[in-house]
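Trainee: Could you take a close look with me at one part of this model and explain how it sits in its surroundings? I'd love a connected walk-through rather than a list.

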Amino acid sequence: MSEQTISVADAKKHLSEILGRVAYGKEEITITKRGKPMARLVPAEVETRHLAEAKGWLDEDDEFFETIEFIIRNRTTHVPRVLATGAENEVSA
């Protein structure tokens with residue numbers, strides 16, 4: 001990702017172009033006023049996070065882990081996996 005600096009006046013004149021460069025060109029642009037940084041435009045990317053990345057968010061003795069273990073132990077039926085096509089496939093254990 002490249003980073004550039006642009007003045008507030010130029011940002012006003014070329015906002016649409018700047019937004020396109022940020023969104024599609026993955027540029028980061030710092031907007032300055034009288035040479036001082038005022039704001040940064042960065043691409044708005046949707047972050048996909050996995051539960052495994054939650055390490056450190058909870059204490060090891062958090063109630064959450066007991067609840068999950070309880071749910072797993074008391075599961076009585078297999079929940080089929082739904083594919084992107086919408087068709088259901090059962091996954092063998």
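Trainee: Let me start with one side chain: what relative accessible area does Glu-17 have, and does that make Glu-17 buried, partly exposed or exposed?

Mentor: Happy to. Keep in mind that this is a predicted model. Glu-17 has a relative accessible area of 44%, so the residue counts as partly exposed. With a buried residue defined as one under 20% and an exposed one as over 50%, Glu-17 falls in between.

Now for its partner. Glu-17 makes a salt bridge with Arg-21, and the closest N and O atoms of the two are 3.7 Å apart. The cut-off for such a pair is 4 Å, so this N–O distance is within it. Why can these two side chains be paired along the helix? Both belong to helix H2, which covers residues 15–25, and because they are four residues apart, about one helical turn separates them. Arg-21 is partly exposed as well, at a relative accessible area of 23%.

Arg-21 has another acidic partner. Its side chain also meets that of Glu-27 in a salt bridge, with an N to O distance of 3.1 Å. Glu-27 has a relative accessible area of 15%, so this residue is buried.

A search of the whole structure gives three salt bridges, and the remaining pair is worth a look too. Glu-28 bridges to Arg-40, where the closest N and O atoms are 2.5 Å apart. This pair links distant parts of the chain: Glu-28 is in strand S2 (residues 28–33) and Arg-40 is in strand S3 (residues 36–41), 12 residues apart. The two ends have their own surroundings: Glu-28 is buried at 16% relative accessible area, while Arg-40 is partly exposed at 47%. Returning to your starting point, Glu-17, Arg-21 and Glu-27 are joined into one network by salt bridges that share partners.

Next, the sheet beside this helix. Three strands form an open sheet in the order S1-S2-S3, and their pairing is mixed. S1 (3–7) and S3 are the edge strands; each has a single partner strand, so one side of each has no neighbour in the sheet. On average, neighbouring strands of this sheet are turned by 30° against each other, direction ignored. S1 and S2 pair in the parallel sense, over five bridges, and Thr-5 stands opposite Thr-30 of S2. Helix H2, the home of Glu-17 and Arg-21, lies across S1, S2 and S3 and runs at about 145° to S2.

To place this in the whole chain, there are three helices and five strands, following the pattern β-α-α-β-β-α-β-β along the sequence. Of the 93 residues, 12% count as buried. Among contacts with a separation of 6 or more, 31% are between residues 24 or more positions apart. The chain exposes about 8500 Å², and 54% of that comes from carbon and sulfur atoms.

Finally, for contrast with the charged network, there is a nonpolar patch on the surface. Its members are Trp-57, Leu-58, Phe-64, Phe-65, Ile-68, Phe-70, Ile-71 and Ile-72, and together they have about 780 Å² of accessible area. One of them, Ile-71, is in helix H3 (residues 63–73) and is partly exposed at 47% relative accessibility.

Terms used: Residues are numbered from 1 along each chain as its sequence is written. This is a predicted model: local features need pLDDT of at least 70, side-chain atom pairs count only at pLDDT 80 or more; totals for chains, interfaces and linings use all residues. Side-chain values use heavy atoms; hydrogens and water are left out. Buried means under 20% relative accessible area, exposed over 50%, partly exposed in between (1.4 Å probe, protein chains only). Two strands pair if DSSP finds at least two bridges between them. Axes are lines fitted to C-alpha atoms, for helices over the stretch in contact, and angles run from 0 to 180 degrees between N-to-C directions. Contact means heavy atoms within 4.5 Å. Patches are made of residues with over 30% relative accessible area and no salt bridge: like charges are joined within 9 Å, nonpolar side chains (Val, Leu, Ile, Met, Phe, Trp, Tyr) within 5 Å. Accessible areas come from the Shrake-Rupley method with a 1.4 Å probe; for residues, only the protein chains shown count as cover.
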